[in-house]
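Here are a few short exercises to help you find your way around a new structure. Try each task by yourself before you read its solution.

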Amino acid sequence: MTIKSKPTPVQTHSEGLTKKRQDYLEWPEYFMAVAFLSAQRSKDPSSQVGACIVNQENKIVGIGYNGMPNGCDDDLLPWSRSADNKLDTKYPYVCHAELNAIMNKNSADVKGCTMYVALFPCNECTKLIIQAGIKDVIYLSDKYHDTPEMTASRRLLNLAGITYKQFQPKQGRIVIDFNSINHPGLKTSSGFEGSHHRLRNLEHDAKYS
């Protein structure tokens with residue numbers, strides 16, 4: 001008769017296991033942070049805005065920021081917000097972040113995608129969002145809520161059945177520290193200490209005009 005031995009219990013030492021970090025960025029914070037980081041590429045002295053387009057698989061398919069059109073020397077165009085002649089302001093010339101994000105797409109299209117943007121889109125950008133097939137808009141600031149352009153934008157989004165909601169950040173700032181790769185132990189609750197670039201309080205940095 002063959003006697004089967006009982007299996008030896010597996011010894012576990014859960015208290016000694018290294019667990020995953022808990023302060024990682026969740027998807028919404030990550031995508032909005034990408035939008036804010038891309039805004040740092042803008043040369044606009046008064047308004048730096050970025051946009052990030054994400055597909056259903058949480059993959060980024062487009063990034064953009066506000067600036068002058070391709071091939072146009074931005075040293076020869078005005079950046080002013082006000083002037084006696086509107087042609088001497090930036091408004092007839094500048095391309096908004098939403099437009100550039102759609103045009104910079106790295107996929108065949110952006111249908112069914114979500115756009116993360118610092119500011120609620122104006123009526124002109126909303127037309128592009130609708131025509132591109134974007135289904136959701138996540139914005140941070142709505143400081144121009146009562147202007148005719150934003151009122152028209154909401155009307156168009158509602159008619160097109162596109163959902164839009166305000167982003168509620170779980171933390172006021174995100175810190176990018178290039179030294180953290182060499183000194184991973186120097187951490188604070190808001191990120192890494194050292195020389196860094198800060199995506200400061202998101203609401204206060206949502207500049208747009």
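**Exercises with worked solutions**

The side chain of Asn100 comes within 2.7 Å of the backbone oxygen of Tyr65. Keep in mind that the model is a predicted one.

**Exercise 1.** Find where Asn100 sits, and decide whether Asn100 is buried or exposed.

*Solution.*
- Start with the element: Asn100 belongs to helix H2, which covers residues 97–103.
- Next, take the accessibility: Asn100 has a relative accessibility of 17%.
- Buried means under 20%, so Asn100 counts as buried.
- Finally, look at the surroundings: beyond neighbours within four places in sequence, Asn100 is in contact with Ile63, Gly64, Tyr65, Asn66, Gly67 and Cys95.

**Exercise 2.** Work out which residues make the nonpolar surface patch, and place Tyr30 in its element.

*Solution.*
- The patch is made by Leu25, Trp27 and Tyr30, and its area is about 290 Å².
- Of these residues, take Tyr30: its place is in helix H1, residues 27–39.
- With a relative accessibility of 35%, Tyr30 counts as partly exposed, because that class lies between the 20% and 50% cut-offs.

**Exercise 3.** Locate Arg81, then compare how far Arg81 and Tyr91 are apart in sequence and in space.

*Solution.*
- Arg81 is found in the loop that runs between strand S2 (60–65) and H2.
- Its relative accessibility is 44%, so Arg81 counts as partly exposed.
- Along the sequence, Arg81 and Tyr91 are 10 residues apart.
- In space, the C-alpha to C-alpha distance from Arg81 to Tyr91 is 7.5 Å.

Key: Residues are numbered from 1 along each chain as its sequence is written. This is a predicted model: local features need pLDDT of at least 70, side-chain atom pairs count only at pLDDT 80 or more; totals for chains, interfaces and linings use all residues. Side-chain values use heavy atoms; hydrogens and water are left out. Patches are made of residues with over 30% relative accessible area and no salt bridge: like charges are joined within 9 Å, nonpolar side chains (Val, Leu, Ile, Met, Phe, Trp, Tyr) within 5 Å. Accessible areas come from the Shrake-Rupley method with a 1.4 Å probe; for residues, only the protein chains shown count as cover. A salt bridge is a side-chain nitrogen of Lys or Arg within 4 Å of a carboxyl oxygen of Asp or Glu. Helices (H or I, at least four residues) and strands (E, at least two) are DSSP runs, numbered from the N terminus. Buried means under 20% relative accessible area, exposed over 50%, partly exposed in between (1.4 Å probe, protein chains only). A polar contact is a pair of N or O atoms within 3.5 Å; within protein, one must be able to donate a hydrogen and the other to accept it, and residues adjacent in sequence count only if both atoms are side-chain atoms. Contact means heavy atoms within 4.5 Å.
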